[in-house]
Amino acid sequence: MAKVVAVTGNEACANALRQVNPDVCGIYPITPQTDMMQRFASFIADGKVDTESILVESEHSSMSACIGAAAAGGRVVTATSSQGLALMWEMLHIASGDRLPIIMPVVNRALSAPLNIHGDHSDAMGARDTGWIQLWSENAQEAYDNTIQAFRVAEHMDIRLPAMVCLDGFIISHSIERMEYLEDQQVKDFVGPFRNFLPLLDLDKPKSYGPLILTDLYHECKRAQHEVMTKVADVVLEVAKDFEKLSGRKYGIFETYRLEDADIAIVILNSAAGTTKDVIDEFRDKGIRAGLLKPRLFRPFPYTEIADALRHTRAVCVMDRADSFGGYGPLFMEVSSALYQAEKRPLLMNKIYGLGGRDYLPSHAAQVLTELTTVAESGKVSTIKEYIGVRE
Amino acid sequence: MATPLTLKELSKKEDRFTHGHRMCSGCGAPIVVKIAMMATEYPVVVSNATGCLEVSSCISEFTAWNVPWIHTAFENAAATLSGVETMYRSLKKQGRFDKDKEVKFIAFGGDGGTYDIGFQSLSGAMERGHDMIYICYDNGAYMNTGIQRSSATPLGADTTTCPAGSVIPGKLRARKNLTKIMAAHDIPYVAQASPSHWLDLAKKIQKAHEIKGPKFINVIAPCNRGWRSKTNDAIQLSRLAVNTCYWPLYEIENGVTRITVTPKEKISVAEFMKPQGRFKHLFSPENEGLLQRVQDEVDREWAKLQKEAKTD
């Protein structure tokens with residue numbers, strides 16, 4: 001039986017990791033993730049898991065140790081935020097290039113400078129091209145559910161790739177919400193025992209991990225990494241189906257909200273989607289056909305499916321909680337690429353919101369939806385990229 | 001599980017680090033690795049920092065390693081191996097790895113990957129107490145990228161980033177004493193070795209394997225490209241390094257220092273430097289003072305070591 005609890009996002013993820021009972025865990029503090037791994041450290045100290053922790057001296061070493069542990073042959077986790085993820089950047093590519101199914105909750109936080117500990121998506125967006133699967137989560141329940149499902153996706157024998165589960169720093173990591181835990185045994189059965197693939201600790205058949213490969217085969221290795229990514233969406237859906245049977249909670253590669261007959265729509269990630277849904281209801285009450293699309297799987301990005309879901313609308317605003325200075329927001333670039341392939345496509349605009357934990361308010365969503373209504377009527381976008389909620 | 005350390009017995013052993021690798025002719029590093037891998041019967045898992053040894057020993061589908069081997073990046077051979085070793089302990093604890101099988105873990109890194117960029121990762125792994133031997137093959141510069149200065153580069157040496165020019169005569173700083181720094185970690189075993197004294201090196205490896213916890217062994221590894229020396233001089237030069245006391249052979253076991261090889265006659269460090277093109281400029285009259293500084297540094301360090309050492 002599911003247990004209803006009131007917990008923070010960090011506590012929810014720590015409990016998901018406890019229920020999975022990984023073999024090795026890299027631990028290093030960084031706000032706002034610290035609290036997640038320190039809870040997990042208590043589970044280790046109290047003998048609630050079999051996990052051996054590595055209390056590393058940096059996130060770079062954390063990911064390096066996780067790679068060594070995963071290559072050795074077993075289930076490996078760590079968690080991080082912001083500068084920690086940035087410090088890991090070099091090693092993220094090596095984890096995916098070596099096809100190691102490491103699971104890592106990323107508690108999204110802004111990047112320096114200036115120093116800011118609050119939630120935005122700059123960290124995970126900066127890691128989008130590292131070959132990791134990315135699952136994004138609106139609330140504590142989704143962060144918990146995604147963490148559990150991530151193991152099945154990453155460890156799938158057709159996939160064997162690392163996965164990060166993204167949740168918003170403080171807004172989700174530190175806010176207490178009502179959510180449901182699965183039973184320990186249910187999670188254990190759902191995830192199943194770890195299946196080895198070419199373990200380094202197989203002494204009878206020595207393996208070499210991480211060779212030098214130059215112009216002869218490197219191109220092919222990288223193509224193979226892309227090929228495996230193309231299989232991820234189907235596995236995510238297959239795992240989600242099993243998870244629904246267990247939990248009653250339905251997951252796709254993205255979520256749509258009142259989008260089917262919408263004229264205007266907002267595309268937005270993570271916690272801000274909740275606020276936006278409320279405002280969409282208000283606009284619907286006024287007779288305005290507004291809808292929302294919230295990507296769950298950001299890497300690999302489901303271009304065709306998202307284009308199909310949005311092509312009937314007249315105007316779409318893609319909202320980014322991260323920026324690419326001198327470019328459009330990262331989510332906008334993806335949605336824009338997806339829609340370019342569609343014959344009939346909506347007008348598109350990009351709003352940058354909530355950087356460094358700046359509050360995203362219902363009035364911001366209302367402002368965007370009002371502008372979308374005008375754009376849909378006039379058929380014109382005046383400025384493609386704009387900042388909202390910014391002090392002028 | 002001690003291997004008899006006689007040439008007759010060792011010659012019968014199957015190589016764990018085989019011929020066919022692509023290290024330069026006359027390089028000291030593969031000699032060090034070969035001896036280190038020979039000196040034990042235990043199953044060994046190797047972690048290798050990016051560097052000459054790594055790029056020359058495992059290329060596409062070819063490998064010179066007859067043991068499990070992992071390379072991830074430049075600065076993290078120790079951190080990577082700490083992960084492998086931790087997984088081994090976790091699986092053993094859970095009954096998922098043969099409880100009677102004892103596996104040993106060795107990391108190899110050059111001086112760039114050990115003294116410099118990998119220093120934090122090494123220090124962290126040693127402090128955490130992982131059961132491993134970290135072996136640094138020290139050739140005194142970033143040789144893989146083309147002889148750039150590292151913190152292991154000796155005083156006065158000419159490298160491509162501290163070239164001996166008309167104004168600046170090569171490296172102006174003395175090398176950092178990494179062996180002593182590792183000893184300051186209070187780990188159970190730290191040693192310095194040389195391929196010229198292969199038996200001393202092999203004994204140190206063998207001893208280190210029998211000690212639980214983190215071990216560090218620093219081994220001089222002549223590089224004829226970077227040292228601008230003859231290709232057949234690796235053993236001769238490493239012997240001169242020992243006999244000049246530029247590279248003393250000693251070990252620090254549980255805090256007790258012991259000099260393992262004392263030169264019969266301590267010769268001038270110039271004898272070690274003369275055959276090397278990287279020190280050529282130090283033998284011109286205007287650099288006499290710098291050459292003297294090198295000798296003074298060596299004398300001071302040797303005196304310090306003798307003071308610290310327990311006499312048998």
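Which residue is the bridge partner of Ser208(A) in strand 4 of chain B? The partner turns out to be Trp69(B), and the pairing behind it is a good way into this two-chain structure. The model is a predicted one, so local features are taken only at pLDDT of at least 70 and side-chain atom pairs only at pLDDT 80 or more, while totals for chains, interfaces and linings use all residues. Residues are numbered from 1 along each chain as its sequence is written, with chains lettered from A and ligands numbered from 1 in the order in which they are written.

Strand 9 of chain A (208-209) runs parallel to strand 4 of chain B (residues 69-70), and the two share two bridges. Strands here are DSSP runs of E with at least two residues, helices are runs of H or I with at least four residues, and both are numbered from the N terminus; two strands pair if DSSP finds at least two bridges between them. Strands of a sheet pair through backbone hydrogen bonds, either parallel or antiparallel. The cross-chain pair belongs to an open, mixed sheet of nine strands, in the order 9(A)-4(B)-1(B)-5(B)-6(B)-8(B)-7(B)-9(B)-10(B). At its edges sit strand 9 of chain A and strand 10 (256-261) of chain B, each paired on one side only. Helix 4 of chain B (residues 77-93) packs on this sheet and touches strand 1 (44-48), strand 4, strand 5 (104-110) and strand 6 (132-138) of chain B. The direction of helix 4 makes about 170° with that of strand 5 of chain B; such angles run from 0 to 180 degrees between N-to-C directions, and axes are lines fitted to C-alpha atoms, for helices over the stretch in contact.

As for the contact between the chains, chain A puts in 37 residues and chain B 38, where residues are in contact if their C-beta atoms, placed from the backbone, lie within 7 Å. On the chain A side, strand 3 (52-55), helix 3 (59-73), helix 4 (82-97) and strand 9 each supply at least two residues. Helix 3 of chain A gives the most, with eleven residues. By class, that side has 21 nonpolar, nine polar and seven charged residues; Ala, Val, Leu, Ile, Met, Phe, Trp, Tyr, Cys and Pro count as nonpolar, Asp, Glu, Lys and Arg as charged, and the others, Gly among them, as polar.

Chain A also has an open sheet with six strands, ordered 10-12-11-14-15-16 and mixed in its pairing. Strand 10 and strand 16 (385-387) are the edge strands, each pairing on one side only. Neighbouring strands are turned by 20° against each other on average, direction ignored. Strand 15 (residues 347-352) and strand 16 of chain A are joined in the parallel sense over three bridges, and Asn350(A) has Lys385(A) in strand 16 as its bridge partner. Helix 10 (residues 272-285) of chain A packs on the sheet, touching strand 10, strand 11, strand 12 (290-295) and strand 14 (315-320), at about 165° to the direction of strand 12. Helix 11 (residues 303-310) of chain A touches strand 10, strand 11, strand 12 and strand 14 too, and makes about 170° with strand 12.

Elsewhere in chain A, helix 6 (residues 140-155) and helix 7 (residues 184-191) have axes that come within 9 Å and cross at roughly 25°. The two helices are therefore roughly parallel, a label for angles under 35 degrees (over 145 is roughly antiparallel, 65 to 115 roughly perpendicular and the rest oblique). Ile148(A), Phe151(A) and Arg152(A) of helix 6 meet Val187(A), Phe190(A) and Val191(A) of helix 7. This contact has five nonpolar, no polar and one charged residues.

Some loops of chain A hold backbone oddities. A cis peptide bond, omega about -5°, links Thr31(A) to Pro32(A), with Pro32(A) in the loop between strand 2 (24-27) and helix 2 (34-45). Leu198(A), not a glycine, has a positive phi of about 50° and lies in the loop between helix 7 and strand 9. Leu198(A) is partly exposed, with 13 other C-beta atoms within 10 Å (20 or more would make a residue buried, 12 or fewer exposed, with C-beta atoms placed from the backbone).

Technical notes
Contact = placed C-beta atoms within 7 Å.
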